[in-house]
Amino acid sequence: MKGISDYAVVYDITSDAERERVDKVLKGFGFRVQKSVFECRLNKRGRDELIGRLEGLHIKTGFI
């Protein structure tokens, strides 16, 4: 499919509350392949939306 790419989104977050918020966002864009890894198949618009939503979470106890 033209314009669609696969992305692996990996996170390491120590706060349960922050981790749950990240999981909730990622479940809307892809599927879990490991405990802290999601696979997302997105076009540019979807990728930009996902990045914006994750940045909006302002994660303090880890990284994505």
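Mentor: Helices here are DSSP runs of H or I with at least four residues, numbered from the N terminus. Keep in mind that this is a predicted model.

Trainee: Which helix holds D23?
Mentor: Look at residues 16-27. They form one helix, and D23 lies in it. That helix is α1.

Trainee: Is D23 buried or exposed?
Mentor: The cut-off for buried is under 20% relative accessible area. D23 has 15% relative accessibility, so D23 counts as buried.

Trainee: Which residues does D23 touch, not counting residues up to four places away in sequence?
Mentor: Contact means heavy atoms within 4.5 Å. Leave out the sequence neighbours up to four places away. The residues D23 touches are then Y11, R32 and F38.

Trainee: Is H58 buried or exposed?
Mentor: H58 lies in the loop between α2 and β5. Exposed means over 50% relative accessible area. H58 has 53%, so H58 is exposed.

Trainee: What does the side chain of H58 reach, and at what separation?
Mentor: A polar contact needs a pair of N or O atoms within 3.5 Å. The partner is a backbone atom of G56. The side chain of H58 reaches that backbone oxygen at 3.5 Å.

Trainee: What separates the C-alpha atoms of H58 and E18?
Mentor: Along the chain, H58 and E18 are 40 residues apart. In space, their C-alpha atoms are separated by 8.9 Å.

Trainee: What is the radius of gyration of the protein chain?
Mentor: The chain has 64 residues, so a compact globule would have a value near 11 Å. The model agrees with that, and the protein chain has 12 Å.

Note on methods: Residues numbered from 1 in each chain as written. Predicted model: local features only at pLDDT ≥ 70, side-chain atom pairs only at ≥ 80, totals over all residues. Heavy atoms only, no water. Helix = DSSP H or I, 4+ residues; strand = E, 2+ residues; numbered from the N terminus. Buried < 20%, exposed > 50% of the residue type's maximum accessible area, 1.4 Å probe, protein only. Polar contact = N/O pair within 3.5 Å; in protein donor to acceptor, adjacent residues only side chain to side chain. Rg over C-alpha atoms; globule rule 2.2 N^0.38 Å.
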